[in-house]
Amino acid sequence: MMEQPLTARSWLKMLANLERRRLNLAAFLGVLAGLQTVIIVVGVAWLVDQLVVHQQTPHQLVSGLAVLAFCVLGRGACQWGQEVVSLEASLRIRQYARRQMLDKFWVLGPVWLAYRQSGGLATQAVENIEALDGYFARFYTQLRITVFLPLVILCVVARLDYLVAIFLLISAPIIPLFMALVGMGAERVNREQFAAVARLSAHFLDRVRGMTTLQLFGRTQSAHRDVWWATDDYRRLSMRTLRLAFLSSAVLEFFASVAIAVVAMYVGFGLLGYIDYGPSTSLTLFSGLAVLLLAPEFFQPLRTLSQHYHDRATALGAAESLVTVLNESSIQRSSVPTPASGRHIAYLEGIYVEYPGRGRVLGPVNLTVNQGDVIAISGPSGSGKSTLLALLAGFLSPSQGELELTAPHYAWLDQQPALLHGSLADNLRLADPTVDKTAMLAALSKAGLGELLSQLPDGLDTLIGERGLGLSGGQAQRLALARIYLSDASLILLDEPTASLDNDTEEMVIQALLNWAGEGRTLVMATHHPMAISAARRHLRVREGLLEEVAYEA
């Protein structure tokens with residue numbers, strides 16, 4: 001049975017269930033703080049009535065004052081506890097959501113990531129996840145407080161004066177109705193805003209990475225204008241979002257103020273004797289003051305909810321972009337036991353791969369890769385070499401056919417190796433955090449970087465930028481190869497490993513790869529270099545998506 005795709009609301013509900021106990025505890029503490037507020041308000045009305053009407057002295061009301069003081073302290077403690085618990089729940093939820101997103105990126109693999117802008121993905125994993133904070137820390141708990149606390153206040157008001165209770169009951173639904181109407185517009189604008197943030201992040205990052213090229217072609221002013229217009233578009237969306245947020249608060253304040261004003265007029269005219277209907281004839285200073293003070297408290301949870309309603313719209317807008325990634329079809333990696341020595345580690349039969357909008361790019365493919373094979377895959381650009389490597393790595397699922405992988409510990413080297421900002425040693429330790437200096441020097445020597453290293457004053461501590469900034473294309477490729485040498489992978493998948501290398505360095509690197517593969521590892525490389533092809537034990541040629549094995553001459 002196919003799983004139902006996630007929606008923004010279902011995903012937020014699932015995240016809330018992870019911390020349901022903490023969120024419920026925060027809501028309970030909020031309701032408890034509200035109940036103590038009711039006691040304080042009624043107690044103040046009682047004290048005023050006792051002092052003014054019954055001529056009691058403050059000394060005679062010490063016990064009542066003590067109860068009020070205890071409630072004031074208790075309310076502060078409950079509000080503090082609500083804040084701490086809800087923030088802790090929100091933090092845990094965001095940590096889980098970020099792990100879920102990063103795990104999804106890992107499952108989708110580098111082939112999927114290659115067609116996405118890293119700036120947009122970074123925004124989703126950081127900014128959009130952080131945008132969930134207000135929803136779980138404030139709105140979610142306040143929504144539950146708003147369900148219970150006004151009902152309690154309504155019961156207390158009904159006990160004092162049922163006409164005021166009826167009026168509050170009639171006016172209360174108007175506020176959520178208008179909040180919902182405004183909220184639907186806010187949700188749509190927030191979705192547009194988060195999409196604009198992702199575009200702006202990707203746009204800016206692309207311009208920064210291509211700054212050298214832009215300067216060479218004299219296009220820096222044009223790039224500056226593009227960034228300015230993209231930023232201004234985001235500014236306009238942000239202002240639209242803020243206008244809607246202020247509008248929702250203004251709607252609530254207007255109706256709440258009108259309702260409280262009507263209650264005040266009713267109490268005033270009732271105490272003056274101008275109204276003689278129903279319970280108005282029995283109004284006292286205590287009951288009149290109590291219902292007048294309770295009316296704002298009745299609307300206070302709704303006011304607080306209105307303040308945080310923008311957090312809900314923000315979270316829904318962020319969740320819309322996040323569930324789009326979470327609903328991406330995951331790659332189904334094979335998970336079969338590692339075979340005994342001499343058996344195949346990859347088996348492909350009747351494999352077809354199709355890309356949306358491009359149709360078939362590979363297939364039919366029948367291939368068996370045995371342990372210890374050294375295979376070269378050749379073919380013109382776009383013929384499907386990289387797609388075949390991605391299938392062997394488990395980065396792609398075939399459109400049809402049987403794919404069986406033993407899922408060994410493998411190493412992957414793309415045409416654009418992933419190098420991070422840091423020292424040479426930092427980048428080498430990505431393969432093995434415990435590797436020592438001797439092993440790193442040996443790996444660099446195998447990769448043809450020994451001479452370069454001897455010329456660097458800082459040696460292994462030499463700093464490089466992101467994507468190998470500071471190194472030539474060939475040097476960056478060799479550094480990534482050195483990292484491969486430090487891994488204990490049993491399957492090595494290389495995409496154009498000798499690109500950007502001169503003939504002498506290419507020969508040295510190929511020989512090092514063959515020596516390394518001679519230790520029992522399986523080596524599969526996509527290449528068009530004759531020297532690399534001739535060094536392999538098997539030669540596969542890909543042409544127009546079809547695979548054929550070329551027999552070596554005896």
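This report walks through some aromatic rings, a strand and one helix residue in a predicted model.

## Aromatic rings

Let's start with the rings. A pair of aromatic rings is described by how far apart the centres are and by the angle of the planes. Counting with a centre-to-centre limit of 6.5 Å, you get 6 aromatic pairs here. One of them joins Y135 and F139, which are stacked, with 5.7 Å from centre to centre and 25° between the planes. These two residues sit 4 residues apart in helix α5 (residues 133–160), so about one helical turn separates them. Y135 and F139 are both buried.

For another arrangement, look at F298 and F299. This pair is edge-to-face, with the centres 5.2 Å apart and 85° between the planes. F298 and F299 are both buried too.

## A cluster and two charges

Back to Y135 and F139: ring pairs tie Y135, F136, F139 and Y140 together into a cluster. Y140 also has a charge to deal with, as the charged end of R144 sits over the ring of Y140, 3.7 Å from the ring centre.

You'll find a lysine doing something similar elsewhere. The charged end of K446 sits over the ring of Y485, at 5.7 Å from the centre of that ring.

## Strand β9 and its partners

Now for strand β9, which covers residues 522–526. How many of its residues are buried? The count is 5 of 5, so you can call the strand mostly covered, given that buried means under 20% relative accessible area. In a regular strand, side chains alternate between the two faces of the sheet. In β9, T522, V524 and A526 point one way, while L523 and M525 point the other way, and all of them are buried.

Which strands pair with β9? One is β3 (residues 374–378), which runs parallel to β9 and pairs with it over 4 bridges. There, A376 stands opposite M525 of β9. Another is β8 (residues 491–495), also paired with β9 in the parallel sense, this time over 5 bridges. In that pairing, L493 stands opposite V524 of β9.

## V126 in helix α4

Last stop: V126, which belongs to helix α4 (residues 118–130). Is V126 buried, exposed or partly exposed? Its relative accessible area is 43%, so V126 counts as partly exposed. Along the chain, V126 and R98 are 28 residues apart, yet 7.7 Å separates their C-alpha atoms.

Key
Residues numbered from 1 in each chain as written. Predicted model: local features only at pLDDT ≥ 70, side-chain atom pairs only at ≥ 80, totals over all residues. Heavy atoms only, no water. Phe/Tyr/Trp six-rings, centres within 6.5 Å; stacked < 30°, edge-to-face > 60°. Buried < 20%, exposed > 50% of the residue type's maximum accessible area, 1.4 Å probe, protein only. Lys NZ or Arg CZ within 6 Å of the ring centre and 35° of its normal. Pairing = 2+ DSSP bridges.
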